[in-house]
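Visitor: I'm new here, so could you take me on a close look at one part, the place where two helices pack together, and then follow the trail from there?

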Amino acid sequence: MDQDKPLPRRLDATPQDLDRARETAHAIAAKITGCDPGTMVTAASMSHYVYIGRDVVVKLVDAGGHTRLDREIALAPHLPTGLGAPLIADGREPLGTCAVRYACFTRVAGTCPGIGLPDVDAATAGRWAEQAVQRLHELHTWKPVDEPADTLRGSPVHEGFVSRDALTAELDRLAATNLSRHLLTGLRAIAADAPPHARYDVPVHADCDWDNWLADDETVTLLDFERARYGEPADDWTLLAVTSGPHLHLALDAIANTTATDRAELRAACELRDAAFIAEDLRKALDQPETPAWLPERIHDLEGLIDGRRWWRRPR
């Protein structure tokens, strides 16, 4: 292993960087478990190096980079039983001129369903949605104290809906761009019905799209608690449902049935948060000197929200 060059903090890593990180993960897993973890396979991640062995998963990040892995490590031992992959060990390892922050988890059975649940039939999507909603309901009814409560309370990130005034201000900034007036009017109508402020009274995952689950037939496991914070259940319901692709309404039915939530109130709460996510993304994109490649997709999402009324129009 090359000990003279630190892991890069950016994700535009070279094959040599990835090989070096894989070797590091292998060495960490072998030391922790006392046996060869087998070939470490690279898993997709936007902010880490993640490697999957025979029985373990190792996450690596430059210790001088972001601190989200620290949040997951702090929460893992305290989560309700069955939520998240079990944490085996964590720590720091020197690597060249930097320190590597790592977490080693027990490997959980299943594969990642993916955003939009591609190639998943309705019956399977319905089973997975019911399981996922139950997992999230267990998180939302958890009553953390002491360290985990402080960890959730200290989250520096709150994406999505925060307050009516904040959303209105975001839309005012969008008004100075070339965004369609028709679509902007639709967003303003949603904002006008928003409550003054979001609640902050239950633990939420805050990143529970279908890229952060593992599914094994009827069983699903929620992963990556790095953005967990206090919020309200709709923060999670929105992400779960909107990333269910053509099965959005199956997810909404599962949520309403499990939590005994009024369906109209649920749809309105999800629509509001969907609008806030999209408005924030559009404003960031339209503020940039060069148009991001993903902007057309978010415009398409906005059209589905306003013109398609995706939270209200059930499929035939």
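**Two helices and their surroundings**

Guide: Happy to. Helix 8 passes helix 9 in a right-handed crossing, meaning that the near helix is turned clockwise from the far one by less than a right angle (anticlockwise would be left-handed). Helices here are DSSP runs of H or I with at least four residues, strands are E runs of at least two, and both are numbered from the N terminus. Before we go on: this is a predicted model, where local features need pLDDT of at least 70, side-chain atom pairs count only at 80 or more, and totals for chains, interfaces and linings use all residues. Residues are numbered from 1 along each chain as its sequence is written, and side-chain values use heavy atoms, leaving out hydrogens and water.

Helix 8 covers residues 248-259 and helix 9 residues 263-287; they pack at about 125°, with axes 10 Å apart. Axes are lines fitted to C-alpha atoms over the stretch in contact, and the angle, from 0 to 180 degrees, is taken between N-to-C directions. That angle makes helix 8 oblique to helix 9, since under 35 degrees is roughly parallel, over 145 roughly antiparallel, 65 to 115 roughly perpendicular, and the rest oblique.

Who does the touching? On the helix 8 side you'll find H249, L252, D253, I255, A256 and N257, and helix 9 brings R263, L266, R267 and C270; contact means heavy atoms within 4.5 Å. Sorted by type, these residues are five nonpolar, two polar and three charged. Ala, Val, Leu, Ile, Met, Phe, Trp, Tyr, Cys and Pro count as nonpolar, Asp, Glu, Lys and Arg as charged, and the others, including Gly, as polar.

Two of those contact residues also pair up: D253 forms a salt bridge with R263, with 3.8 Å between the closest N and O atoms. The partners sit ten residues apart, D253 in helix 8 and R263 in helix 9. A salt bridge is a side-chain nitrogen of Lys or Arg within 4 Å of a carboxyl oxygen of Asp or Glu. D253 is buried at 19% relative accessible area, while R263 is partly exposed at 37%. Buried means under 20%, exposed over 50%, and partly exposed in between, using a 1.4 Å probe and protein chains only.

Following the salt bridges, the count comes to 25. One network links R199, D201, R229, E232, D235 and R273. R199 and E232 meet at 3.7 Å, N to O. R199 lies in the loop between helix 6 (181-192) and strand 6 (202-204) and E232 in the loop between strand 9 (229-231) and helix 7 (234-242), so their bridge ties together parts 33 residues apart in sequence. R199 is partly exposed at 40%; E232 is buried at 11%.

Another salt bridge joins the side chains of K31 and E93, at 2.2 Å from N to O. K31 is in helix 1 (residues 15-33) and E93 in strand 4 (residues 87-95), 62 residues apart. K31 is exposed at 54%.

Last, two loop residues. N212, in the loop between strand 6 and strand 7 (213-216), is buried at 9%. Apart from neighbours within four places in sequence, N212 touches H205, D207, T221, L222, L223 and D224. G114 is in the loop between strand 5 (98-106) and helix 3 (122-140) and is buried at 10%. With the same neighbours left aside, G114 is in contact with W210, D211 and T243.
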